[in-house]
Amino acid sequence: MTDAEMIRHLWTHKTQNHPWLSDEDLLITRAEGVWVWTQRGKKLLDGFAGLAVVNVGHGRREIAEAIAEQTVRLAYYPTTRQFSNRPAAELAAKLARLTPGDLTYTMFAVSGSEANERAMQMARYYWLARGHASKHKVISFQGGYHGATTGTFAVCGLPHMLQAYAPLQFPGFAKVAPPYPFRDRGIGTDEELVERRAGELREAIGREGAETVSAVILEPILSSGGCIIPPLGWLRAVRSICDELEVLMIADEVITGFGRTGRWFACEHEAVVPDLMSVAKGITSGYVPLSATIARQHLADAFPEDATEENVHPNTYAGHPVACAAALANLGIMEQDGLVENAEKMGKRLLEGLQSAVGQHAIVGEVRGRGLMVCIDLVEPDGSGRPLDRKRLVEIERKAWDLGAIVFARGTAVRLAPPLCISPAEVDQLVGVVAESVDALQREITG
Ligand SMILES: Cc1ncc(COP(=O)(O)O)c(C=O)c1O
């Protein structure tokens with residue numbers, strides 16, 4: 001069977017992001033550091049770390065060895081019915097140390113979606129245990145993405161992803177606009193924008209009735225929604241509304257967690273401690289799937305110690321020993337190689353490099369970033385500020401591919417999130433490729 005014949009059996013999500021390439025051209029076979037190689041031998045800089053996952057970079061033997069060692073010692077045992085295993089316990093203790101404030105109690109799952117499901121369940125159970133049975137709704141944000149499961153559809157703020165599944169969505173889960181400075185700052189300041197959006201959040205909770213609202217869930221940076229970076233001050237504003245109205249705050253740090261934004265967790269930019277935090281991706285850098293929901297002490301305390309049936313549904317693979325061993329090795333590398341600090345430094349270099357190379361281009365609305373989450377928001381070159389035609393935007397992916405890098409162009413923005421181990425020379429290469437791609441596109445559009 002040829003590669004092409006085999007791939008025809010694989011559901012590669014039937015999206016044609018690379019229509020100019022054959023399926024075999026997109027067969028990735030090997031990777032090291034920030035580089036990946038296709039089966040046909042093309043070497044590409046992984047400008048989006050897979051899906052903003054591979055924080056420590058590809059091909060780290062230490063993680064492979066930890067996985068092999070743990071597989072032989074104990075490949076599987078559940079963490080239900082009071083059982084535990086050494087890597088899961090060690091990792092939970094490590095997360096209690098790494099996460100801010102008193103986020104101390106971890107439930108593991110497999111995907112980011114499930115971590116958010118668990119967070120919403122924990123929030124609901126907490127209120128039930130505290131005698132507030134009507135609190136169940138979760139307020140979320142337009143442009144937000146929290147997962148691919150039916151439960152997380154309820155808090156998805158990307159309507160185009162849900163049209164077909166609308167009948168499966170819970171009613172009454174309101175969506176509020178987040179502060180998107182580039183699009184809605186207007187003539188006011190960032191502080192005024194935060195105040196305006198915070199007012200709208202407060203109103204939405206009031207409209208639903210705070211006595212029916214369990215939690216607000218948010219991404220500190222809205223990634224899938226177009227790398228929307230709310231101004232600093234936003235998380236503090238949400239925290240204070242949640243406190244005032246007795247609603248829990250769930251921070252979805254699935255993408256932003258583990259150094260991506262130049263801090264271990266993005267909430268730390270504002271010294272905010274959410275009640276629940278969901279993490280995935282960078283926890284293992286994708287070497288093995290793993291996610292976690294981390295609760296503050298007062299939440300954990302609301303759960304009875306003597307229950308004999310689970311009150312939040314754990315899945316079969318919760319606390320999988322091999323995944324937890326991979327996470328411990330991965331976090332060890334992050335600490336030893338100073339990758340959080342590197343993300344901050346290299347993020348600044350990437351942002352400034354792109355700003356100076358293409359910041360003034362007519363098709364560039366804004367270059368923005370926090371740590372190694374950087375994007376270029378593209379606009380029509382007529383000065384109207386309208387988002388660039390999507391068909392044009394995706395051409396950036398093609399140009400970058402031809403020049404030797406994988407970037408992610410969707411919606412209105414070209415998004416970059418390379419591995420956190422990226423070196424200054426590699427950042428400069430990425431800047432060069434992206435700048436040349438934007439340059440070429442602008443020339444084609446403006447003639
Ligand atoms: C912020 C955020 N939350 C949740 C998810 C869902 O995670 P998973 O795809 O692992 O279920 C994603 C996936 O990209 C995400 O970006």
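Val138 stands opposite Ala215 in strand 7, and this pair offers a convenient way into the structure, which is a predicted model. The two residues belong to a stretch where strand 5 (residues 137-141) and strand 7 (residues 213-218) run parallel, joined by three bridges. Both strands are part of an open sheet of seven strands, whose order is 4-10-9-8-7-5-6 and whose pairing is mixed. At the edges of this sheet stand strand 4 (103-109) and strand 6 (175-176), each of which pairs on one side only. Helix 5 lies across six of the strands, namely strand 4, strand 5, strand 7, strand 8, strand 9 and strand 10 (291-296). Relative to strand 10, helix 5 runs at about 25°.

Helix 5 (residues 112-129) also leads to the ligand, since three residues of this helix join the shell around the ligand, the most that any element gives. The shell holds 16 residues, and those that come nearest are Ser111, Gly112, Ser113, Gly147 and Val254. Sorted by class, the residues around the ligand are six nonpolar, eight polar and two charged.

The chain can next be viewed as domains. The domain assignment gives domain 1 as 3-56 + 338-446 and domain 2 as 62-336. Between the C-alpha centres of domain 1 and domain 2 the distance is 27 Å. Where the two touch, domain 1 contributes 26 residues and domain 2 contributes 21 residues. On the domain 1 side, the elements giving two or more residues are helix 2, helix 13, strand 11, strand 12 and strand 15. Helix 13 has the largest share of that side, with five residues. In terms of class, the side of domain 1 that touches domain 2 is made of 13 nonpolar, seven polar and six charged residues.

Several of these elements meet again in a second open sheet. Here four strands follow the order 11-12-15-14, with antiparallel pairing. Strand 11 (364-370) and strand 14 (408-410) are the edge strands; each has a single partner strand, so one side of each is left without a neighbour in the sheet. From one strand to the next, the twist averages 20°. Six bridges hold the antiparallel pairing of strand 11 with strand 12 (residues 373-378), and among the paired residues Val364 has Leu378 of strand 12 as its bridge partner. Helix 13 (residues 339-358) lies across strand 11, strand 12 and strand 15 (413-416), and its direction makes an angle of about 170° with strand 11.

Helix 15 (residues 395-403) has a buried set made up of Ile396, Glu397, Lys399, Ala400 and Trp401. The buried residues of helix 15 pack against strand 14 and strand 15, and also against helix 14 (390-393), strand 13 (405-406) and helix 16 (424-446). Just after helix 15 comes Gly404, with a positive phi of about 105°.

Another glycine with a positive phi sits in a hairpin. Strand 1 (residues 28-32) and strand 2 (residues 35-38) run antiparallel and are joined by four bridges, with Trp35 of strand 2 as the bridge partner of Glu32. Two residues lie between the strands of this hairpin, where Gly33 takes a positive phi near 60°.

Positive phi values also appear outside glycine, and two alanines deserve a friendly second look. Most residues other than glycine have a negative phi. Ala52, however, has a phi near 55°, and Ala271 has a phi near 50°. How do their surroundings compare, buried or exposed? Ala52 lies in helix 2 (residues 49-52). With 24 other C-beta atoms within 10 Å, Ala52 reaches the cut-off of 20 or more and is therefore buried. Ala271 is placed in the loop between strand 8 (248-252) and strand 9 (276-279). Ala271 has 11 C-beta neighbours inside 10 Å, and because the cut-off for exposed residues is 12 or fewer, Ala271 counts as exposed.

Key
Residues numbered from 1 in each chain as written. Predicted model: local features only at pLDDT ≥ 70, side-chain atom pairs only at ≥ 80, totals over all residues. Pairing = 2+ DSSP bridges. Axes fitted to C-alpha atoms, helices over the stretch in contact; angles between N-to-C directions. Contact = placed C-beta atoms within 7 Å. Near = placed C-beta within 6 Å. Nonpolar A, V, L, I, M, F, W, Y, C, P; charged D, E, K, R; others polar. Domains from an automatic or database assignment.
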